[in-house]
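Me: Please take a close look at one part of the structure shown below, namely any empty space within it. I should like a single connected account of what lines that space and how it relates to the rest of the fold.

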Amino acid sequence: MTDGAAGVPRNPAIVELRARIRDHWDEFTPAARSVCRSLSESTPERLLYLSAQELGVASKTSNATVIRTLQALGYAGLAELKDLVATPFMTGQREERLRSRIESTGGDPKHVWDRVVTEAIERIEFLNAHLSMDSFQEAVRLMLDAREITTYGFGANYVAAEHLTLKLRRLGRRSRCIQTAGFRLADDLLAIERDDVVIVVAPGRLVTDAEVVIDRARAVGAGIILLSEQHVAERLADDVTVAIHVPNTVTGITAEVLTIIVTTDALAQAVAAADTAYTLESAHTLETLRQQLGF
């Protein structure tokens with residue numbers, strides 16, 4: 001079993017993949033070996049944009065065989081392997097990554113649709129497979145006990161933070177979303193109190209503002225829920241109350257906030273289900289106010 005095609009850049013995740021293939025080679029069926037050949041011969045750049053179905057075609061097997069082979073190699077699925085392979089590319093040139101993304105989807109609208117839907121499903125399955133239910137339940141408990149829930153997200157993640165705030169308000173929970181940055185951010189941070197919970201949405205990286213939000217919450221003794229990639233969560237393990245791993249997009253084909261929205265929806269629904277009577281009362285009040293406004 002060779003170590004792959006000559007001239008392929010040494011990506012740490014690819015090196016690890018090939019090592020696992022060598023370790024399991026003798027126990028694999030011919031179909032699984034065919035999948036392994038396709039995986040090991042793919043460059044890191046190409047592997048990021050391949051679907052399980054495309055790997056099945058390339059190896060003359062099936063997408064089910066591809067997934068079973070990956071699991072036998074110790075991966076939860078193709079999404080986890082892509083996540084590991086993508087790490088060295090996170091700081092790469094934006095223009096080059098955009099070019100690769102466009103080329104991978106092709107010009108056919110049907111192909112574009114299939115690629116986006118496939119990646120969305122892969123990311124949500126990856127999210128589900130790696131969710132710590134203990135962390136999720138602890139986050140819900142913190143939210144239920146909070147005087148006020150403050151959400152924060154920078155860039156596109158602001159959309160997810162604001163989405164969660166709106167849902168919580170409709171459930172009758174006191175919540176606000178920080179909408180400022182830089183100099184004005186200090187004014188919003190003053191309002192955080194000891195009995196509050198701060199939810200920080202930062203999937204791939206932390207900017208200075210996000211670190212200051214966490215520092216302020218720690219300083220006053222507020223609970224901190226971090227929604228982020230695994231490497232960010234591990235680095236801040238001692239600085240937050242609970243962290244929930246949400247896989248970021250490794251290709252940019254689907255929205256960065258996709259798995260964040262799924263996670264915040266689940267948090268909001270869990271809060272609603274914890275006190276049905278209170279939730280229904282809030283819903284009734286909201287509907288009454290809408291009717292008064294002519295809606």
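Reply:

**The largest cavity and its surroundings**

In the largest cavity, the lining residues comprise 5 nonpolar, 3 polar and 5 charged ones. The model is a predicted one, and every value below was computed from it.

Rolling a probe the size of a water molecule over the atoms reveals where empty space remains. With a threshold of 30 Å³ or more, the search returns 2 cavities. The largest cavity holds about 90 Å³ of space, and 13 residues line it. Nearest its centre are Ala79, Lys82, Arg123, Asn248 and Val250. Two helices, α6 (78-86) and α8, each contribute at least two residues to this lining. The greatest contribution is that of α8, with 4 residues.

The second largest cavity contains about 40 Å³ of space. Its lining consists of Leu48, Tyr49, Leu50, Ser51, Lys82, Arg115, Thr118, Glu119, Glu122 and Ile253. By class, these are 4 nonpolar, 2 polar and 4 charged residues. Helix α8 again provides the largest share, here 4 residues. Lys82 is thus found in the lining of the second largest cavity, and it is also one of the residues nearest the centre of the largest cavity.

Among the residues that line the second largest cavity is Glu119, which belongs to helix α8 (residues 109-130). Glu119 counts as buried because its relative accessibility is 6%, below the 20% limit for that class. Beyond its neighbours up to four places away in sequence, Glu119 touches Thr249, Thr251, Gly252, Ile253 and Thr254. One of these contacts, Ile253, is itself part of the lining of the second largest cavity. The C-alpha atoms of Glu119 and Val250 are 9.7 Å apart, although 131 residues separate the two along the chain. Val250, in turn, is among the residues nearest the centre of the largest cavity.

**The open pocket**

Helix α8 also takes part in a space of the open kind. The second largest pocket has a volume of about 490 Å³ and is lined by 22 residues. Ser51, Ala52, Gln53, Thr118 and Glu122 lie nearest the centre of this pocket. Of these, Ser51, Thr118 and Glu122 also appear in the lining of the second largest cavity. The pocket lining draws at least two residues from each of α4 (52-58), α5 (63-72), α6 and α8. Helix α8 supplies 10 residues, which is the most for this pocket. The composition of the pocket lining is 9 nonpolar, 7 polar and 6 charged residues.

**The sheet elsewhere in the fold**

For context, the remainder of this account turns to the sheet and to one further helix. In an open sheet, 5 strands follow the order β2-β1-β3-β4-β5, with parallel pairing. The edges are occupied by β2 (175-177) and β5 (242-245); each has a single partner strand, so one side of each has no neighbour in the sheet. From one strand to the next, the twist averages 15°.

Strand β1 (residues 149-153) pairs with β2 in the parallel sense through 3 bridges, and Thr150 is placed opposite Arg176 of β2. Helix α12 (residues 208-220) packs on the sheet, where it touches β1, β3 (197-202) and β4 (223-228), and its direction lies at about 160° to that of β3. Helix α14 (residues 258-274) likewise packs on the sheet, in contact with β3, β4 and β5, and its direction makes about 145° with that of β4.

The pairing of β3 with β4 is parallel and spans 6 bridges; within it, Val200 faces Leu226 of β4. Strand β4 is largely enclosed by the rest of the structure, because 6 of its 6 residues are buried. Gly223, Ile225 and Leu227 point one way from β4, whereas Ile224, Leu226 and Ser228 point the other way, and all are buried.

Helix α2 (residues 30-41) contains Ser34. With 18% relative accessibility, Ser34 counts as buried, since the limit is under 20%. Apart from neighbours within four places in sequence, Ser34 contacts Ser59 and Thr61.

In summary, α8 gives the most residues to the lining of the largest cavity, the largest share to that of the second largest cavity, and the most to that of the second largest pocket.

Technical notes:
Residues numbered from 1 in each chain as written. Predicted model: local features only at pLDDT ≥ 70, side-chain atom pairs only at ≥ 80, totals over all residues. Heavy atoms only, no water. Buried < 20%, exposed > 50% of the residue type's maximum accessible area, 1.4 Å probe, protein only. Contact = heavy atoms within 4.5 Å. Pairing = 2+ DSSP bridges. Axes fitted to C-alpha atoms, helices over the stretch in contact; angles between N-to-C directions. 1 Å grid on protein atoms, 1.4 Å probe; cavity = no way out; pocket = protein on both sides within 12 Å on 5 of 7 lines; lining within 4 Å. Points joined across faces, edges and corners; volume = space filled by probe spheres on them. Nonpolar A, V, L, I, M, F, W, Y, C, P; charged D, E, K, R; others polar.
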